[in-house]
Amino acid sequence: MPGGFLNFLRDHLPGFRRIERLPRQLLGRSPFAGDIQPRRVRAFWGRWGRGKGSLPFPHPWNYREPIGIMEAFFCPDDAEGEAGGGKHNAYLEVPGFAPILMTRDPRLIRAIATETGDKPGQFDRDPMPSTGIARATGTDTLLYSNGAQWKHQKKISTPPFARTTLFQVEQFHEFESGFRKTVRQRLEALQERQAESAQAGGVRIRLEPEIKAVLLELLSNIFFGADIPYAQIRERYVPAMEVVIDHIVRDTVMNKIGIPLRRMPSFNRRIARTKACAADFEHLTDLVIATRKEGKGLWDQFKSDAPDAALRSNIKAFLAGALEATTSYASWAIAHLARNTAAQEKVFQEVKDIEDYTPQALDGAKYLGQVLDETLRLTPALYFFPRKATVDTWVETADGKKLWIPKGTHILLDVWHANRHEDHWGVAVTGYPAMDFVPERWEKLRTQDRAKEFLHFGFGHGPRFCPGKSLGQLEVALVVGTFVKLFEFSAVNQENPARAGVSTKPADGVLVDMKLRTRIPAESVA
Ligand code: HEM
């Protein structure tokens, strides 16, 4: 059959591609071509041989361990040689379905992320792993959409997050004073606890819920200019959002027929509670949208005539996504410093004299910056980026290697494992073991003028790069910098494993023993 006619059938006859690829799939031949040859992973065979206990796809019994699912693509670890690219690139293909390509090769991650966008032939962000998010927020969001709709969303919703907006003197001052107020409340609560505590001079605490409450207050009250009492944020909205996020993860895997939560009958307590929490999330969204007409917070930077209803999905995605990502980032940074007293002391020496967290002061805190970079490298908040090939396409890496990817392929850019592999970040390349938390690694790369070669992908890469980077970094630097200035803390557990859902977090919820460095005079945090 002439190629043109075949292409016509591929593009216009539903199911043609599926039938066309069946013989190749049944023969077990690779769908890929080029210099990079991903290694085939079998869905079931060799599970026990892989030894890590997970199948390489999500199902009801393993979906809470997504990092293990990704790891299953690379077991037995490093068995294949580098020659064909099978060591860091693997695929799963079940007859009748499109292939799934997993890559932990930073060069390929970079090439595919660069080629993701709205231009013809570019990759899409694969909506499949975000179906639960889309059902909870709506599909018309910057996060979920592709093509022209994504471009439009990006144009209107990114200016308020830009560095130039956030770092305007007045804007910044508002952030800072709001932040100090929050810290003061937290300190008072902590002082009370210390007074009640049997442990002289210290308290054992799970910090993650506290970090989350502070960050949600920053987002809703300072960024969106709402005026929600702190107690409500902590006791009502943070727990509600945790339940909604948990539902999103479960819903993505289990709800294959796509019933929206509001249509699910409340036949058990979990569904009834999830519905109540989803209603609280809606209420929080109402509160942060209500401030738009008064131009409060950063709303005055938002130039659009779109009615409030048209923004709702994006606001919900921002609230949930930003809270997840910033909580992950700040939690990991504190969890790492709690296990590295030398690094904690170095950060303390740097921040102890910072009174106002001005943009200049933050820029001057170089070691804190390296701690934050190392945090995103070793424990990135978003641990994989989903992509989908919109056409049959070639990608080329910076070192000239090519890979042909067929249309419809689901691609997982596995930054979690890329960032932790000795081949990419180990002693031979950066001077320090890849699995160790060493902020000095960044200083070394900087002095060797090699920092730009090494991307941790913590905020993504290419056109779908995170628009909230400046806001997120600002919030996290403020939280971590102030926390180190005020408290000395050490981890209760020396191991620091991850749990993962929408984002990654320390499995122990950042359980630390902490004590005030000095008693803080109220006016210094007022
Ligand atoms: C500081 C913590 C944050 C981290 C680590 C982070 C990380 C990321 C990453 C890795 C991506 C790219 C995902 C991909 O390529 O598939 C991304 C995209 C995105 N982030 Fe963030 N983010 C953070 C904070 C925020 C904040 C504060 C907001 C908004 C208020 C935000 C909104 C978004 C949106 C809307 C996208 C999608 C952009 C697009 O598809 O064009 N993020 N983020």
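Trainee: What makes Cys466 a donor to the iron atom of the ligand?

Mentor: In this predicted model, the SG atom of Cys466 is 2.3 Å from the iron, and donors are N, O and S atoms within 2.8 Å of the metal (3.2 Å for Na, K and Ca), with water not among the atoms, so sites may look incomplete. Cys466 is therefore counted as a donor, the single one from the protein.

Trainee: Where does Cys466 lie?

Mentor: Cys466 sits in the loop between helix H20 (440-447) and helix H21 (469-486); helices (H or I, at least four residues) and strands (E, at least two) are DSSP runs, numbered from the N terminus.

Trainee: Why are H12 and H13 called roughly perpendicular?

Mentor: The axes of helix H12 (residues 269-290) and helix H13 (residues 308-337) come within 10 Å and cross at roughly 115 degrees, where axes are lines fitted to C-alpha atoms, for helices over the stretch in contact, and angles run from 0 to 180 degrees between N-to-C directions. Angles under 35 degrees count as roughly parallel, over 145 as roughly antiparallel, 65 to 115 as roughly perpendicular and the rest as oblique, and H12 and H13 are therefore roughly perpendicular. Among the residues making the contact (heavy atoms within 4.5 Å) are Phe281 and Leu284 of H12 and Arg312 and Leu319 of H13.

Trainee: How do you know that S5 and S7 pair?

Mentor: Two strands pair if DSSP finds at least two bridges between them, and strand S5 (residues 124-125) and strand S7 (residues 385-388) have 2 bridges, in the antiparallel sense. Arg125 stands opposite Arg387 in S7, while Arg387 also stands opposite Ile411 in strand S10 (residues 410-413), which is joined to S7 by 4 bridges and runs antiparallel to S7.

Trainee: What makes S2 and S5 the edges of the sheet?

Mentor: The open sheet has 6 strands in the order S2-S3-S4-S10-S7-S5, with mixed pairing. Strand S2 (39-41) and S5 each have a single partner strand, so one side of each is left without a neighbour in the sheet. For S2, 3 bridges lead to strand S3 (residues 89-92), in the parallel sense, with Arg39 opposite Ala90.

Trainee: How confident is the predictor in the protein chain?

Mentor: The pLDDT, the predictor's confidence in each residue from 0 to 100, averages 86 over the chain, and 87% of the residues score at least 70. Over residues 47-51, however, the pLDDT is below 50. Where pLDDT is low, the predicted coordinates should not be read in detail.

Local features need pLDDT of at least 70, side-chain atom pairs count only at pLDDT 80 or more, and totals for chains, interfaces and linings use all residues. Residues are numbered from 1 along each chain as its sequence is written, and side-chain values use heavy atoms, with hydrogens and water left out.
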